Amino acid sequence: MRLLASLLTPCPGGPAFLTLLRTSSSGTMQIKDPLNFWGGRRVELSDVTGLEPVYEPATGRVLCQLQPCRAAQVDAAVKSACSAFTAWRKMAGMERARVMLEAARLIEKRREDIAEVEVVNNGKSITEARLDVDSARLCIEYFAGLATNMSGQHVQLPGGSFAYTRREPLGVCVGIGAWNYPFQIAAWKSAPAIACGNSMVFKPSPVTPVSAVLLAEIYAQAGVPEGLFNVVQGAQETGTLLCHHPSVAKVSFTGSVPTGKKIMEMASKGVKPVTLELGGKSPLIIFEDSDLENAVRGALMANFLSQGQVCSNGTRVFVHRPILPQFLTEVVRRTKAIQIGDPLLEETRMGALVSRPHLDKVLGYVEQAKKEGARVLCGGEPFTPADSKLRNGYYMTPCVLDNCTDDMTCVREEIFGPVMSVLTFDTEEEVLQRANDTTMGLAAGVFTKDIQRAHRVIENLQAGSCFINNYNITPVEVPFGGYKTSGIGRENGQVTVEFYSQLKTVVVEMGDVDSLF
């Protein structure tokens, strides 16, 4: 085994990038360095009470111990962000872009090593983890370009007077990440924030705390001011402290609907804007005239990416009745062929779920579906890989459920696991009504060769991110976000600039004041 040489470059004034060994299989990586980061370096907390074990999903072993941040540490991180904001906001957009592009270059250089850390951190396959790292890099590159275009508007007024607008940063932004895309979410939240001139304090999920600090060190190496991007570890208490902190100007959260509601309530106490990217129970509609091969591929991508742990997944698959038998035959055949196992091996296509409690929860949904009358066509069972070191990992076989109805728990609730619920429909009007019959509205998709039908159906679907003849494609150039309880605001795309900045109007009088007094 070789050392992670590309990750051992010292940060300016900080420790080595990451102390661990690169592995060709799961079960041997060791995490030694602290996972909290502010003031441009990793921070070892003096208070070692309340340590929480962090597990490697592939093996079930303890990967490291998490040091949660409390009030004093949160305050130190926010103060560090405030200090960096003072300098960063005054830099020209071109100067900020130059630093961000250097960060993107460093991510590209270290792609393989970051991806391996993400696999150990999360349990997803190395193939998917590489794509997540690519998405993070592309996001930073994209917003680096937008950093040079933070322009306002000029309005001519009578008598030679005029007005103009300035788009200005908010200040210290808080990012709270989810455990399904740890490194990517850290980039998706930080890139638009710092492009607009803000600083950020980021709190990863306590389940997957390892990779966000790598992004912090990359930003530091790229040349951002000390404290521009900080990482504080912890669970609900830490998140609450961040939301209530008087120096925090905005909160951006990715996670569940119930937690998103709590964060919105806490932020409202300080009238702080929020971006919420929450859950979904998205419909995927497959019409009889669709290309069946592509429809099956789309359904698999809509349900089994990251072991089904994707908020935008199209887990309610509505299939036109005439093609149901062919669709089920092919989707079951391909689902059974999905290679499950060590997520660090190239041939693996499905790794481990993120934790033992979550695995048990997903398996419980399958059992409940069977009790309610759904038929399991394949999967839905615990899986034990042949490799003995993986026997305590959190694996299950991907599941396809048939004979589902709209009132079943598996159709109404977000499972967040590799479980596809297949339903049938007869008419376009019927399926639209059923597809929209949910409190959530994150994503939706349609497969059809009829271009008029495709656009007509998409127009009537109540969802923020929609797909025609594909699914789960999220280029950073386009906005991503939901309707209804699936969230507020957008991530990615040019519009995101509006959610990380504020507009100032300036009126300039070129003559005398016309007063009524």
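The exercises below work through salt bridges, a sheet with its helices, and two single residues in a predicted model.

**Exercise 1. Determine which parts of the chain the salt bridge between Lys-189 and Glu-491 ties together, and whether its two residues are buried or exposed.**

Solution. Start with the contact itself: the side chains of Lys-189 and Glu-491 form a salt bridge, with N and O 2.8 Å apart, which satisfies the cut-off of 4 Å. Next, place the partners: Lys-189 belongs to helix 5 (residues 182–195), while Glu-491 sits in the loop between strand 21 (487–488) and strand 22 (501–508), so this pair ties together parts that are 302 residues apart in sequence. Finally, turn to accessibility, where buried means under 20%. Lys-189 has a relative accessibility of 0% and is therefore buried, and Glu-491, with a relative accessible area of 3%, is buried as well. By the same rule, the count of salt bridges comes to 28.

**Exercise 2. Describe how Arg-334 and Glu-330 are placed relative to each other, and name the network they belong to.**

Solution. The closest N and O atoms of Arg-334 and Glu-330 are 2.8 Å apart, and the two residues form a salt bridge. Both lie in helix 10 (residues 324–336), and because they are four residues apart there, about one helical turn separates them. Glu-330 has a relative accessible area of 19% and is classed as buried, the limit being under 20%. Salt bridges that share partners then join Glu-293, Arg-297, Glu-330, Arg-333 and Arg-334 into one network.

**Exercise 3. Compare the surroundings of the two partners in the salt bridge between Asp-402 and Arg-375.**

Solution. The side chains of Asp-402 and Arg-375 meet in a salt bridge with an N to O distance of 2.3 Å. Asp-402 is in strand 15 (residues 399–402) and Arg-375 in strand 14 (residues 375–378), so that the pair, 27 residues apart, links distant parts of the chain. Asp-402 is buried at 8% relative accessibility, whereas Arg-375 is partly exposed, with a relative accessible area of 44%.

**Exercise 4. Work out the strand order of the seven-stranded open sheet and state which helices lie across its strands.**

Solution. Reading across the open sheet gives the order 14-15-16-13-12-18-19, with mixed pairing. Strand 14 and strand 19 (465–468) are the edge strands, each pairing on one side only, and the twist from one strand to the next averages 20°. Within the sheet, strand 12 (residues 283–286) and strand 18 (residues 443–447) run parallel and are joined by three bridges; Ile-286 stands opposite Phe-447 of strand 18. Now add the helices: helix 10 lies across strands 12, 13, 14, 15 and 16, at about 55° to strand 14, and helix 14 (residues 451–460) lies across strands 12, 18 and 19, at about 165° to strand 19.

**Exercise 5. Contrast the positions of Gln-67 and Lys-261.**

Solution. Gln-67 is located in the loop between strand 4 (62–66) and helix 1 (71–88), and its relative accessibility of 11% makes it buried. The side chain of Gln-67 reaches the backbone oxygen of Leu-45 at 3.4 Å, and, leaving aside residues up to four places away in sequence, Gln-67 touches several residues, including Asn-36, Val-48 and Gln-233. Lys-261, by contrast, is found in helix 8 (residues 257–269) and is exposed at 52% relative accessibility. The C-alpha atoms of Lys-261 and Val-78 are separated by 23 Å, the two residues being 183 residues apart along the chain.

Technical notes:
Residues are numbered from 1 along each chain as its sequence is written. This is a predicted model: local features need pLDDT of at least 70, side-chain atom pairs count only at pLDDT 80 or more; totals for chains, interfaces and linings use all residues. Side-chain values use heavy atoms; hydrogens and water are left out. Buried means under 20% relative accessible area, exposed over 50%, partly exposed in between (1.4 Å probe, protein chains only). Two strands pair if DSSP finds at least two bridges between them. Axes are lines fitted to C-alpha atoms, for helices over the stretch in contact, and angles run from 0 to 180 degrees between N-to-C directions. Contact means heavy atoms within 4.5 Å. A polar contact is a pair of N or O atoms within 3.5 Å; within protein, one must be able to donate a hydrogen and the other to accept it, and residues adjacent in sequence count only if both atoms are side-chain atoms.
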